[in-house]
Amino acid sequence: MIKWFIPPIIFLTIVSGISGMSNLKKAGRIGIKSLLYSEVVTTVSLVIGIVLALVIKPGRIDKTGLPMQDASKYARQGAAGFDWVEFFLSNLTLQVLLLAIIVGIIVSLSRHRSTILGYLEPLTKGVFLVLKYVMYLAPLGAFGGMAFTIGKFGIRTLVPLAKLMATMYLTMAVFIVVVLGLILRYYKLNVFTYLKNIKEEILIVLGTSSSEAALPSLMNKLEQMGCSRSVVGLVVPTGYSFNLDGTSIYLSMAIIFLAQLYNVPLSPGEMITILGILMLTSKGAAGVTGSGFIVLASTLTAIQKIPVEGLAFLLAVDKFMSEARAITNIIGNGVATLVIAKSEGDFTETGSFPPGTRGLPSQPAPQNPLPYQHK
């Protein structure tokens with residue numbers, strides 16, 4: 001039900017944001033900043049995934065007892081290369097994003113701009129109001145999703161690949177606390193306060209294994225934290241296609257894991273090649289079911305050194321690792337929005353970040369604080 005709200009919310013917030021800006025240059029600047037930030041941070045996440053996989057060596061295990069699943073369809077698609085046209089046609093979020101940008105520019109240039117904005121404002125509020133009531137069902141969905149996963153796949157599948165699982169979760173925790181924490185600290189924000197503010201969204205993602213399920217709620221929460229609607233509307237949807245920190249960590253770590261599993265030595269030059277390929281292909285690992293495995297297969301095919309058949313081992317525990325990927329993705333997208341809002345001067349100090357976590361004087365509490373602050 002939450003996913004039904006994604007297209008209208010993206011469309012309404014972006015159209016309102018662009019048409020409500022004083023000039024279109026600012027919208028373009030925010031878009032370019034968002035893409036540049038995404039490229040830099042996802043590259044850092046790729047490097048961290050490779051380095052920690054080389055240090056911890058999760059692939060140094062006996063593969064004879066590992067559970068396997070059929071990975072042939074991903075191997076075939078990967079060998080054919082990643083189809084960017086298919087990626088766009090299958091990614092509804094990206095399609096709505098492009099359409100909303102075009103409509104927003106048209107409305108901004110129209111002489112009826114103020115009249116149209118007058119209709120869009122209550123319509124957007126109405127959509128978020130309905131979403132608010134739908135969100136009361138979210139705990140039931142998270143409970144059902146987690147219970148189903150454990151019941152169907154069982155704990156036994158985790159045991160042989162526990163080292164990979166532990167390495168993956170550790171790496172993503174280090175990335176969130178250290179890398180994203182330092183980025184927020186530079187802008188006088190606290191990463192733990194931010195995580196507390198979006199704890200409901202993290203639980204939704206944990207239960208559904210999909211960061212998209214929490215997209216509308218995250219956008220609303222970021223506005224409550226102080227980010228302007230125009231920045232939220234532009235940065236968050238763009239990040240869901242291009243700022244995939246968790247997916248990047250997983251892709252780089254999975255390749256090193258398979259190389260260690262098959263005892264394939266990789267030279268520094270080959271690792272740089274892997275990094276370069278993933279910098280491009282990782283941007284397509286969103287919106288399409290199984291696209292992460294297709295990207296992995298296409299990268300392995302390009303390297304022509306690590307057996308593509310190794311994907312069969314990863315499929316066995318992918319359901320459990322997808323939660324870590326999705327949670328890291330949503331946390332990273334929120335950080336990107338806060339950073340760009342701060343850098344653009346489109347951040348209003350609110351009670352979402354208590355005094356002392358911003359490095360700023362105490363501010364009065366907002367009229368509409370986050371729900372859990374009533375405790």
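I started at Y186, which is exposed, with a relative accessible area of 65%. The model I am reading is a predicted one. Next I looked up Y187, which counts as partly exposed at 23% relative accessibility. The cut-off for buried is under 20% relative accessible area, so Y187 at 23% does not count as buried.

I then searched for aromatic pairs and found one in the structure. The pair is made by the rings of Y186 and Y187, with centres 5.1 Å apart and planes at 85°. Planes over 60 degrees apart count as edge-to-face, so I noted this pair as edge-to-face.

I also checked for a charge over a ring. The charged end of R325 sits over the ring of Y250, and I noted 4.3 Å from the ring centre.

Overall composition came next. I counted 17 helices and zero strands in the protein chain. The chain has 375 residues, and 54% of them count as buried. Among contacts in the chain with a separation of 6 or more, 84% come from residues 24 or more positions apart.

I turned to helix packing. Helix 8 covers residues 162-186 and helix 17 covers residues 318-343; I noted an angle of about 5° between them and axes 10 Å apart. That angle makes helix 8 roughly parallel to helix 17. On the helix 8 side, I listed L164, M165, M168, Y169, M172, F175, I176, L180, I183 and L184 as making the contact. On the helix 17 side, I listed F320, M321, E323, A324, R325, T328, I331, G332, V335, L338 and V339. Sorted by class, the contact has 17 nonpolar, two polar and two charged residues. R325, noted above for its place over the ring of Y250, is among the helix 17 residues of this contact.

I looked at E323 on its own. E323 is found in helix 17 and is buried, with a relative accessible area of 8%. Which residues does E323 contact, leaving aside its neighbours within four places in sequence? I found Y169, V205, L206 and S209. Y169 is also one of the helix 8 residues in the packing contact.

I checked V178, which has its place in helix 8. V178 is partly exposed, with a relative accessible area of 40%. From V178 to V191 I noted 13 residues in sequence and 9.2 Å in space, C-alpha to C-alpha.

S45 was next, in helix 2, residues 24-56. Is S45 buried or exposed? S45 is buried, with a relative accessible area of 0%. Not counting residues up to four places away in sequence, S45 touches F175, D245, S248, I249 and S252. F175 also appears among the helix 8 residues that contact helix 17.

My last entry is helix 11, residues 215-225. I noted helix 11 as mostly covered, with nine of its 11 residues buried. Which residues of helix 11 are the buried ones? They are L215, P216, S217, L218, M219, K221, L222, E223 and M225. After helix 11 comes G226, and I noted a positive phi for G226, near 130°.

Technical notes:
Residues are numbered from 1 along each chain as its sequence is written. This is a predicted model: local features need pLDDT of at least 70, side-chain atom pairs count only at pLDDT 80 or more; totals for chains, interfaces and linings use all residues. Side-chain values use heavy atoms; hydrogens and water are left out. Rings of Phe, Tyr and Trp (its six-membered ring) pair if their centres lie within 6.5 Å; planes under 30 degrees apart count as stacked, over 60 as edge-to-face and the rest as tilted. Buried means under 20% relative accessible area, exposed over 50%, partly exposed in between (1.4 Å probe, protein chains only). A charge sits over a ring if NZ of Lys or CZ of Arg is within 6 Å of the ring centre and within 35 degrees of the ring normal. Axes are lines fitted to C-alpha atoms, for helices over the stretch in contact, and angles run from 0 to 180 degrees between N-to-C directions. Helices (H or I, at least four residues) and strands (E, at least two) are DSSP runs, numbered from the N terminus. Angles under 35 degrees count as roughly parallel, over 145 as roughly antiparallel, 65 to 115 as roughly perpendicular and the rest as oblique. Contact means heavy atoms within 4.5 Å. Ala, Val, Leu, Ile, Met, Phe, Trp, Tyr, Cys and Pro count as nonpolar, Asp, Glu, Lys and Arg as charged, and the others, Gly among them, as polar.
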